[in-house]
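Biologist: Could we go through this model together? I should like to begin with a single residue and work outwards.

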Amino acid sequence: HIKGIGKIYQQTFIDTYSRLAFAKVYTEKNSLIAADMLNDKVLPFFDSVKVALVHCQR
């Protein structure tokens, strides 16, 4: 909680293989916020270094 702002939330993405992490602070907590960080920070970075992200299911 920050005075004058209210509650804040941190959205974090960690790639354990590359040891890379991204974090972004928001004043709301919902599914659109989670997608925002992925689309705003994570995917553009991996695209810029030409690394494809794949989803693996076990």
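**Contacts, strands and helix**

Modeller: Leaving out residues up to four places away in sequence, L20 touches F13, I14, D15, F45 and F46; contact here means heavy atoms within 4.5 Å.

Biologist: Before we continue, what kind of model is this?

Modeller: This is a predicted model, in which local features need pLDDT of at least 70 and side-chain atom pairs count only at pLDDT 80 or more, while totals for chains, interfaces and linings use all residues. Residues are numbered from 1 along each chain as its sequence is written, and side-chain values use heavy atoms, with hydrogens and water left out.

Biologist: Where does L20 lie?

Modeller: L20 belongs to strand 2. Strands (E, at least two residues) and helices (H or I, at least four) are DSSP runs, numbered from the N terminus.

Biologist: Is L20 buried, partly exposed or exposed?

Modeller: L20 has a relative accessible area of 26%, so it is partly exposed. Buried means under 20% relative accessible area, exposed means over 50%, and partly exposed is in between, with a 1.4 Å probe and protein chains only.

Biologist: How far apart are L20 and V42 in space?

Modeller: Their C-alpha atoms are 9.9 Å apart, and the two residues are separated by 22 positions in sequence.

Biologist: Let us turn to the strands. How many bridges join strand 1 to strand 2?

Modeller: Seven bridges link strand 1 (residues 9-15) with strand 2 (residues 20-26), and the two run antiparallel. Two strands pair if DSSP finds at least two bridges between them.

Biologist: Which residues are the bridge partners of Y9 and Q11 in strand 2?

Modeller: Y9 is partnered by Y26, and Q11 by K24.

Biologist: And what lies between the strands?

Modeller: The two strands form a hairpin with four residues between them. R19, in the loop between strand 1 and strand 2, has a positive phi of about 60° although it is not a glycine.

Biologist: What sign does phi have in most residues other than glycine?

Modeller: Most residues other than glycine have a negative phi.

Biologist: Which other residue should I look at in this respect?

Modeller: K50 also has a positive phi, of about 55°, and is not a glycine. K50 lies in the segment after helix 1.

Biologist: Are R19 and K50 buried or exposed?

Modeller: R19 counts as exposed because its relative accessibility is 77%. K50 has a relative accessible area of 75%, so it is exposed.

Biologist: Back to strand 1: what does T12 contact?

Modeller: T12 lies in strand 1. Apart from neighbours within four places in sequence, T12 is in contact with F22, A23 and M37. The C-alpha atoms of T12 and F22 are separated by 5.7 Å, and the residues are 10 apart along the chain. With a relative accessible area of 40%, T12 is partly exposed.

Biologist: What about I33: where is it, and is it buried or exposed?

Modeller: I33 is in helix 1, which covers residues 31-48. I33 counts as buried because its relative accessibility is 15%. Setting aside neighbours within four places in sequence, I33 is in contact with Y26 and E28.

Biologist: How far is I33 from S48?

Modeller: The C-alpha atoms of I33 and S48 are 22 Å apart, with their positions 15 residues apart in sequence counted as a separation.

Biologist: Now the whole chain. In what order do its elements run?

Modeller: From the N terminus on, the order is β-β-α. The radius of gyration is 14 Å, well over the 10 Å that the globule rule gives for 58 residues, so the chain is more spread out than a compact globule. The radius is taken over C-alpha atoms, and the rule is 2.2 Å times the number of residues to the power 0.38.

Biologist: What does the C-alpha trace span along its principal axes?

Modeller: The C-alpha trace spans about 40 × 25 × 20 Å.

Biologist: What share of the 58 residues counts as buried?

Modeller: Of the 58 residues, 16% count as buried.
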